[in-house]
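Please have the sequence and the model open side by side while reading this report. It moves from the sheet to a helix, then to the pockets, and ends with selected single residues.

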Amino acid sequence: SEKGEFTIGYSNRLRHPVWCAYRIPEEAKFPIAKRPGFKKDKAFKSSPKAADYAKTGYDRGHMAPNYAIMSRFGEEAQRKTFLMSNVVPQTPELNRGIWREIEHRSADLFTSKWGNVWVIVGAISEGCETLSGTDIDVPTAFYQIIAVKSDSDIRAVAFLCNQEVPWKTWPRHYIVS
């Protein structure tokens, strides 16, 4: 599904995106706005409601990140990141820890060093677990592939993180080929 500033590959069967691709421009043009509430995406019949995640022990994890999209494209784009079609179940330790750290490094550190950054993120599902009281699949792991063009070279790094990633862990421990 094309959302303008990002594209998601949504699975009606799993009830969450399986991948997302976006570009982070070098310049952050917009001040950070207040976070909007999560909303069901009416473009997908199977899109969960925000309340489906309540009291499950899982966060509503963004695939296209709020911070990078908001700071580069503004509030209207930010609201699109809060559609439930852009959300996956993530443990709080993963979502608020290493996943957030990688997202912020991509938006701040990588863009300041190399300019435009391209990112592909995805969820890996084995179909073993669903959110309590729902049929929403809980992925077992997530990946981020980050690429930049430096002169005539392409540089890339990939991270693979399972749901059990400890809080305050270093991203470099999760780099994969």
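The paragraphs below describe a predicted model.

**The sheet**

The strands β1-β2-β5-β6-β7-β8, named here in their order across the sheet, make up an open sheet of 6 strands with antiparallel pairing. At its edges stand β1 (6-11) and β8 (175-176), and because each has a single partner strand, one side of each is left without a neighbour in the sheet. Within the sheet, strand β6 (residues 141-150) and strand β7 (residues 153-162) run antiparallel and are joined by 10 bridges. As a point of reference on β7, Phe 159 is the residue that stands opposite Gln 144.

His 16 has its place in strand β2, which covers residues 16-24. Is this histidine buried or exposed? With a relative accessibility of 0%, His 16 counts as buried. When its neighbours within four places in sequence are left aside, the residues in contact with His 16 are Tyr 10, Ser 11, Val 87, Val 88, Pro 89, Ala 123, Ser 125, Asp 137 and Pro 139.

**Helix α1**

Helix α1 is largely enclosed by the rest of the structure, because 6 of its 8 residues are buried. These buried residues are Asn 66, Ala 68, Ile 69, Met 70, Ser 71 and Arg 72, and they pack against β1, β2 and β3 as well as against α2 (75-81) and α3. Just after α1 comes Gly 74, which takes a positive phi of about 100°.

**The pockets**

Rolling a probe the size of a water molecule over the atoms shows where empty space is left. The table sets out the volumes and the lining classes of two pockets.

| Pocket | Volume | Nonpolar lining residues | Polar lining residues | Charged lining residues |
|---|---|---|---|---|
| Largest pocket | about 290 Å³ | 2 | 4 | 6 |
| Second largest pocket | about 180 Å³ | 3 | 2 | 5 |

The largest pocket is lined by Arg 35, Asp 59, Arg 60, His 62, Pro 65, Asn 66, Tyr 67, Asn 95, Arg 96, Arg 100, Glu 103 and His 104. The elements that give two or more residues to this lining are β3 (59-62), α1 (66-73) and α3 (92-114). Which element supplies the largest share of the lining of the largest pocket? That share, 5 residues, comes from α3. Asn 66 belongs to the lining of the largest pocket, and Asn 66 is also one of the buried residues of α1.

The second largest pocket has a lining made of Arg 96, Gly 97, Ile 98, Arg 100, Glu 101, Arg 105, Lys 168, Thr 169, Trp 170 and Pro 171. Arg 96 and Arg 100 are included in this lining, and they are also listed among the residues that line the largest pocket.

**The cysteines**

How many disulfides does the structure hold? The structure holds 0 disulfides. Cys 20 is in no disulfide, and the nearest cysteine sulfur to that of Cys 20, belonging to Cys 161, is 16 Å away. Cys 161 is likewise in no disulfide, with the sulfur of Cys 20 as its nearest cysteine sulfur at 16 Å. Because a disulfide is counted here when two cysteine sulfur atoms lie within 2.5 Å, a pair 16 Å apart does not qualify. As for their surroundings, Cys 20 counts as buried at 0% relative accessibility, and Cys 161 is buried with a relative accessible area of 0%.

Key. Residues are numbered from 1 along each chain as its sequence is written. This is a predicted model: local features need pLDDT of at least 70, side-chain atom pairs count only at pLDDT 80 or more; totals for chains, interfaces and linings use all residues. Side-chain values use heavy atoms; hydrogens and water are left out. Buried means under 20% relative accessible area, exposed over 50%, partly exposed in between (1.4 Å probe, protein chains only). Helices (H or I, at least four residues) and strands (E, at least two) are DSSP runs, numbered from the N terminus. Contact means heavy atoms within 4.5 Å. On a 1 Å grid over the protein atoms alone, a cavity is a set of points where a 1.4 Å probe fits but cannot get out, and a pocket is an open set with protein on both sides within 12 Å along at least five of seven lines; lining residues have an atom within 4 Å of a point. Grid points are joined across faces, edges and corners, and a volume is the space filled by probe spheres set on the points. Ala, Val, Leu, Ile, Met, Phe, Trp, Tyr, Cys and Pro count as nonpolar, Asp, Glu, Lys and Arg as charged, and the others, Gly among them, as polar. Two strands pair if DSSP finds at least two bridges between them.
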